[in-house]
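Work through the exercises below with the sequence and model in view. Try each task before reading its solution.

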Amino acid sequence: MRSALKVLLFTILCIPPTILSAQSGADMSIPTGSKLFISPVDGGYDIYLAAAIVRKQVPIVLVTDKSKADFELSSVTESERAGWAKMFFFGSTASAEQASIKIVNLKTSTIVYGYNVNKSNSARGKQSSAEACAKHLKAKIEHDQR
Amino acid sequence: MWKRIAGVFSVCLFLVSGLHGQNQVAFKPGAKVFVAPMQDGFDTYLKAALQKKKVPITIVGSKDDADFAITGSSETQKAGTAKKLIRLDWHSDEQASVSIANLKTSEIVFAYSVNKQSSAHGKQSTAEACAKHIKDELGKKK
């Protein structure tokens with residue numbers, strides 16, 4: 001009876017963390033060479049993201065067909081052009097940009113990555129925010145690989 | 001016996017790799033490209049820029065005849081009163097982005113974005129920047 005209780009206690013203490021760690025480790029990673037589909041966005045921010053991913057040499061394959069993809073990237077973005085006060089007081093015509101992305105594993109429907117960026121004085125508009133997203137995505141993939 | 005099995009296996013592997021290679025069309029000079037309609041008629045500027053920069057691709061009018069498709073978007077911010085008065089600058093700010101997808105494999109083979117503050121020739125400048133970089137990309141694959 002005591003030995004059975006010991007076994008039960010051992011199971012309760014040891015197995016759940018093992019399962020949880022295995023789940024989070026397997027589902028949250030984006031392997032190198034994965035196929036990523038970027039959902040179309042009003043204003044064409046998806047194309048800026050594609051260009052940024054190519055430019056930052058993120059180790060994934062971009063596809064235009066969702067059925068061939070392993071992951072899906074969806075995003076939202078907002079731009080605010082410089083007003084007269086910003087131009088007058090700061091001498092800056094740069095826009096303010098903010099964007100947010102999330103990546104979903106299409107097989108498990110798990111959100112594996114999310115990132116927000118806010119640039120109050122964006123040097124190159126949408127391009128800057130898209131490149132920030134791509135840079136951090138690359139860092140995540142490289143971190144997963146290690 | 002094992003030698004025969006290994007021989008048959010290697011022949012099968014060779015045939016499969018050959019078929020796989022046939023399906024993939026490389027983005028190289030002479031590729032047939034369809035330019036998809038874009039916001040504000042940026043596709044027209046892009047077609048003109050591709051011609052002007054002598055990009056070695058064939059632009060086709062139908063997606064069915066093409067191996068690749070160019071999609072893109074562009075945005076223009078005309079100079080406001082403040083910019084005109086404070087900076088004495090009438091030029092617009094332009095940003096554009098293009099991506100080229102292989103229509104057979106659905107893979108994006110090239111993408112580029114450009115941002116020009118006070119663009120000298122408006123959309124024409126951003127379209128020509130895109131065309132120049134597409135030409136450079138093709139130049140790498142000669």
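**Confidence first**

Chain A has a mean pLDDT of 84, and 82% of its residues reach 70 or more; pLDDT is the predictor's confidence in each residue, from 0 to 100. This is a predicted model: local features need pLDDT of at least 70, side-chain atom pairs count only at pLDDT 80 or more, and totals for chains, interfaces and linings use all residues. Residues are numbered from 1 along each chain as its sequence is written, while chains are lettered from A and ligands numbered from 1 in the order in which they are written.

**Exercise 1.** Find which elements of chain A have the lowest and the highest mean pLDDT.

*Solution.* Start with the elements: helices (H or I, at least four residues) and strands (E, at least two) are DSSP runs, numbered from the N terminus. Helix α1 (residues 2-27) of chain A has the lowest mean, 49, and β1(A) the highest, 96. Next, look along the chain. Over residues 11-25 of chain A, pLDDT stays under 50. The model has 0 contacts beyond four places in sequence for that stretch; a contact means C-beta atoms, placed from the backbone, within 7 Å. Where pLDDT is low, predicted coordinates should not be read in detail.

**Exercise 2.** Lay out the secondary structure of chain A and its sheet.

*Solution.* Count 4 helices and 5 strands in chain A. From the N terminus, they run α-β-α-β-β-α-β-β-α. The strands form an open sheet ordered β2-β1-β3-β4-β5 (chain A), with mixed pairing; strands pair if DSSP finds at least two bridges between them. β2 (61-63) and β5 (110-122) of chain A are the edges, each with a single partner strand, so one side of each lacks a neighbour in the sheet. Now take one pair. β3 (residues 71-80) and β4 (residues 95-105) of chain A run antiparallel, joined by 10 bridges. E80(A) has A96(A) as its bridge partner in β4(A).

**Exercise 3.** Place helices α2 and α4 of chain A against the strands.

*Solution.* Helix α2 (residues 45-55) of chain A lies across β1 (35-38), β2, β3 and β4 of chain A, at about 110° to β3(A). Axes are lines fitted to C-alpha atoms, for helices over the stretch in contact, and angles run from 0 to 180 degrees between N-to-C directions. Helix α4 (residues 125-145) of chain A lies across β3, β4 and β5 of chain A, at about 140° to β5(A).

**Exercise 4.** Determine how many residues each chain gives to the contact between A and B.

*Solution.* Chain B gives 22 residues and chain A gives 24. On the chain B side, β5(B) gives the most, with 7 residues.

Terms used
Two residues are in contact if their C-beta atoms, placed from the backbone, lie within 7 Å.
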